[in-house]
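Please read the following report with the sequence and the coordinates at hand. It deals with a sheet and its surroundings, and then with the residues around a ligand.

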Amino acid sequence: MKLLLVSPSRKFGKKVVKAIKIPQLSLHILASLTPRDVDITVVDEEIREIDFSLDFDLVGISCMTATANRSYQLSDMFRQRGSRVVLGGIHPTILPQEAIQHADAVVIGEAEGCWADVIDDFRKRRLQKFYHVPEPDLSRFPFPRRDFHIDKALFNCVGLVTTRGCPYACEFCSVTDFYGRKIRHRSVSRVVEDIKQSGSKTFLILDDNVTGHPKYSKELFEALIPLGIGWVGQSSISLAKDKEMLKLCRLSGCAALFFGLESVSPSSLVGMEKTLKSVEETEEAIKIIQDNGIAFHPSIILGFDTDTKAIFDDTLEFLAKAKLPTMALHVLTPYPGTRIYHRFKDQGRIISHDWSHYDHHTVVFQPKNMTPQELAEGHHYVQSEFCSFSSIVRHIPFLLRVSPINLRRIMLFLLLNITGKSVAKCIDISLDWADNNKKWDSQKSRPDDKVLRGSNVFSSDQAHLPFQSLKDGLPYKKDESDLNEENKIP
Ligand code: B12
Ligand code: SF4
């Protein structure tokens, strides 16, 4: 049996220069859950093209909203060629009825609990339409297979997961609905073993909040110290309040952390489930984290309902005052399944349902206090100002504040600032397509609307996922009696 696992490219057809290559962990997890007698090919389209001269029996595609169009295009192509296609990832999880129109099966949620069943059912010619095992126990599964060839880049980094789930439920984020509110973790000894087996010394910890469960995080960091690795990850800014955690975090090899600051506007912060509510508190926390040798990489979102056009200069001013040498800037994106998506939809404020525009850099909604065009221009202005040549020079002393200074840190600084320049070039300030969008807006009822509406998608208990109604209100459990004629492969 020949299996192809693909992560489609967002910018298919355009050449993407990759200075940092991080293999898609989801594909390597799928490979590890696949029986060893299956012939597996793994392709990350951002790095390498798919070889269409090869035939595959089964194709698994990992899909997020921004890659949904390309994922569906690939699915349709492979199905026409006679392969069976399984779609998985965050987008098919939130919109399974849309995804199934292009696939033979959709895996809802995490692959760990059901991928072996998918393969087995495929082999027995009884593939089902939907598979879903909610919140699988992470300790039961093999280590990801990281033995697939990855092209060399300036930085090669290995993805690692230690926990899943997030206790917050920010209005714009899909993570809590996808992974649940409860933080589930892998045992520290399994994580250590996974690191050792990977053979790598540089890691990207993919958890949404690597310091979210203090007892576990401290235990983990202590266990990482003797391994002598370097890593970057994401954390909540409340880390600044825990001196012991800060110290262990640095000693464990943490070079930089990505923090979802979201906004520098005090009124926007008040509406979020964040621990620090004032700009002053945030500035103080940044200083503490940097003084402890951890580079602070903030993620900022523009376009909240509380934002006026003043937010653009306010953001630049904040970044300068907080002495931050790098940043990640996004426009607010109402991803399907999030509370903000439903609110904007109810208010008639979504201006595009073309998923390829859902990339954090294209304005797909009507902002409250400005036009979509003004938001796009403001986003472009902040991004290009921050990464202008003179700003990069101004950022150098900010970089030097965080010790130790080494070549890797300097290279990463240059890279983030220089790629920031190309991000600015990609920002679509014309919004031409918005006028062209009638075909999407005219589709009043979308395949998953009924499912999403009928569910308790935002409750905090286990039944938080939007697709419960697929199986009479119960999560899917594999059962022979589920197999009806419709679900069998002819
Ligand atoms: C790390 C990360 C990145 C890294 C990716 C590095 C890498 N190469 O791995 C970087 C920084 C490059 C990145 C970029 C982007 N990201 Co990102 N990213 C994440 C993050 C934090 C973790 C993803 C991850 O690898 N998790 C670990 C793996 C194992 O989990 P997983 O991918 O979900 O896979 C599991 C299941 O989904 C399922 N599954 C996945 N694929 C498949 C396929 C099949 C066939 C099956 C059966 C199952 C299955 O099984 C897997 C194992 O359980 C998530 C947040 C999150 N917690 O998910 C956001 C997230 C996925 N990213 C998001 C976005 C928007 C983006 C960007 C578009 C942002 C931008 N403008 O640059 C780009 C798109 C990149 C692209 N490929 O096109 C959004 C997606 C929202 C949505 N609805 O699509 C998320 C959810 C963040 C958020 N808060 O909204 N991202
Ligand atoms: S934005 Fe971060 S803190 Fe908020 S729900 Fe998403 S993962 Fe959790």
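## The sheet and its central strands

In this predicted model, six strands are arranged as an open sheet in the order β3-β1-β4-β5-β6-β7, and their pairing is parallel. Because β3 (39-44) and β7 (130-132) stand at the edges and each has a single partner strand, one side of each is left without a neighbour in the sheet. On average, neighbouring strands of this sheet are turned by 20° against each other, with direction ignored.

Strand β4 (residues 58-62) is joined to β1 (residues 2-7) and also to β5, and the table sets out these two parallel pairings.

| Pair | Bridges | Residues standing opposite |
|---|---|---|
| β1 and β4 | four bridges | Leucine 4 and valine 59 |
| β4 and β5 | five bridges | Serine 62 and glycine 88 |

How many residues of β4 are buried? Five of its five residues are buried, so that the strand is mostly covered. In a regular strand the side chains alternate between the two faces of the sheet. In β4, Leu58, Gly60 and Ser62 point one way while Val59 and Ile61 point the other way, and all are buried.

Helix α2 (residues 68-80) lies across β1, β4 and β5 (84-88), and runs at about 160° to β5. Together, β4, α2 and β5 make a β-α-β unit that is right-handed.

## Around ligand 2

The residues around ligand 2 are Cys166, Tyr168, Ala169, Cys170, Cys173, Val175, Thr176, Asp208 and Gly260. By kind, the residues of this shell divide into six nonpolar, two polar and one charged.

How values were computed. Residues numbered from 1 in each chain as written. Chains lettered and ligands numbered in written order. Predicted model: local features only at pLDDT ≥ 70, side-chain atom pairs only at ≥ 80, totals over all residues. Near = placed C-beta within 6 Å. Nonpolar A, V, L, I, M, F, W, Y, C, P; charged D, E, K, R; others polar. Pairing = 2+ DSSP bridges. Axes fitted to C-alpha atoms, helices over the stretch in contact; angles between N-to-C directions. Contact = placed C-beta atoms within 7 Å. Buried ≥ 20, exposed ≤ 12 C-beta atoms within 10 Å, placed from the backbone. Right-handed = clockwise from strand over helix to strand, strands pointing away.
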